[in-house]
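The following exercises are intended for a reader who meets this structure for the first time. Each task is followed by a solution in steps.

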Amino acid sequence: QVQLVESGGGLVQPGGSLRLSCAASGSIFSLMVMGWYRQTPGKQRELVATITRDGTTNYADSVKGTFTISRDKAKNTVYLQMNSLQPDDTAVYYCYAKYLLKDYWGQGTQVTVSS
């Protein structure tokens, strides 16, 4: 099984930054594709960013240049650095992992951008 534990969400002013973390269980971290999705009430969950075992990254057009996904193999952790945050970035952010053709999700962490 795979368990994902998220942290780093909170309240930030427009133009500010947050760094989300997602820690994966076990020693199988290197075998997974991981990423971040976000969701607001009344909308479908949307892809924010993904990163593969080889370090290949993919971003939604809306966050290119301001968000950065990265990983730390030693800590079994994936990060999402969010800069220049704006109110429309407000959402619940979910960590995602794909392992042995199965999908796994974290519990979600709230990010609120407001003055």
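## Exercise 1: A salt-bridge network

In this predicted model, arginine 38 and aspartate 89 bring their side chains together in a salt bridge, with N and O 3.1 Å apart.

**Task.** Determine which parts of the chain the pair of arginine 38 and aspartate 89 links, and which residues are joined into one network by salt bridges that share partners.

**Solution.**

Step 1. Locate the two residues. Arginine 38 lies in strand β4, whereas aspartate 89 belongs to the loop between β8 and β9. The two are 51 residues apart, and the pair thus links distant parts of the chain.

Step 2. Assess the burial of this pair. Arginine 38 counts as buried because its relative accessibility is 6%, under the limit of 20%. Aspartate 89 is also buried, at 8%.

Step 3. Look for a further partner of arginine 38. A salt bridge connects arginine 38 with glutamate 46, and their closest N and O atoms are 2.8 Å apart. Glutamate 46 is partly exposed, with a relative accessibility of 37%.

Step 4. Turn to another pair. Aspartate 103 and lysine 98 form a salt bridge in which the closest N and O atoms are 3.2 Å apart. Aspartate 103 is partly exposed at 45%, and lysine 98 is partly exposed at 32%.

Step 5. Combine the bridges that share partners. Arg38, Glu46 and Asp89 are joined into one network. The search of the whole structure finds four salt bridges.

## Exercise 2: The disulfide

**Task.** State how many disulfides a search of the whole structure finds, and decide whether cysteine 22 is buried or exposed.

**Solution.**

Step 1. Count the links. The search of the whole structure yields one disulfide. Its partners are cysteine 22 and cysteine 95, with an S to S distance of 1.9 Å.

Step 2. Place the partners in the chain. Cysteine 22 is in strand β3 (residues 18–24) and cysteine 95 in strand β9 (residues 91–99). With their positions 73 residues apart, the pair links distant parts of the chain.

Step 3. Describe the geometry. The angle about the S-S bond is -85°, and the link of cysteine 22 and cysteine 95 is left-handed.

Step 4. Check the accessibility. Cysteine 22 has a relative accessible area of 0% and is therefore buried. Cysteine 95 is likewise buried, at 0% relative accessibility.

## Exercise 3: The largest nonpolar core

**Task.** Identify the residues with the most contacts inside the largest nonpolar core, and the strand that gives the most to this core.

**Solution.**

Step 1. Begin with the core itself. The largest nonpolar core comprises 30 residues, and those with the most contacts inside it are Leu4, Met34, Trp36, Leu80, Met82 and Tyr93.

Step 2. Find the contributing strands. At least two residues of this core come from each of β3, β4 (33–39), β5 (46–51), β7 (67–72), β8 (77–82), β9 and β11 (109–113). The most is given by β9, with five residues.

Step 3. Examine one member more closely. Leaving aside residues up to four places away in sequence, tyrosine 93 touches several residues, including Leu20, Trp36, Arg38, Leu80, Met82 and Val111.

## Exercise 4: Strand β5 and its neighbours

**Task.** Establish how many bridges join β4 to β5, and which residue in β6 stands opposite threonine 50.

**Solution.**

Step 1. Consider β4 and β5. These strands run antiparallel and are joined by five bridges. Tryptophan 36 stands opposite alanine 49 in β5. Six residues lie between the strands of this hairpin, in which glycine 42 adopts a positive phi near 85°.

Step 2. Consider β5 and β6. Three bridges join β5 to strand β6 (residues 57–59), again in an antiparallel arrangement. Opposite threonine 50 stands asparagine 58 in β6. The hairpin of β5 and β6 has five residues between the strands, and glycine 55 in the turn has a positive phi of about 90°.

Step 3. Examine threonine 50, which is placed in strand β5. Threonine 50 counts as buried because its relative accessibility is 16%. Not counting residues up to four places away in sequence, threonine 50 touches Met34, Gly35, Thr56, Thr57, Asn58 and Ile69.

## Exercise 5: Confidence in the model

**Task.** Find which element has the lowest mean pLDDT and which has the highest.

**Solution.**

Step 1. Take the overall value. The protein averages a pLDDT of 93, and 97% of the residues score at least 70.

Step 2. Compare the elements. Strand β10 (residues 102–105) has the lowest mean pLDDT, 92, and strand β2 (residues 10–12) the highest, 98.

Terms used
Residues are numbered from 1 along each chain as its sequence is written. This is a predicted model: local features need pLDDT of at least 70, side-chain atom pairs count only at pLDDT 80 or more; totals for chains, interfaces and linings use all residues. Side-chain values use heavy atoms; hydrogens and water are left out. A disulfide is a pair of cysteine sulfur atoms within 2.5 Å. Helices (H or I, at least four residues) and strands (E, at least two) are DSSP runs, numbered from the N terminus. Buried means under 20% relative accessible area, exposed over 50%, partly exposed in between (1.4 Å probe, protein chains only). A nonpolar core is a set of buried Ala, Val, Leu, Ile, Met, Phe, Trp, Tyr and Cys residues joined through side-chain atoms within 4.5 Å. Contact means heavy atoms within 4.5 Å. Two strands pair if DSSP finds at least two bridges between them. pLDDT is the predictor's confidence in each residue, from 0 to 100.
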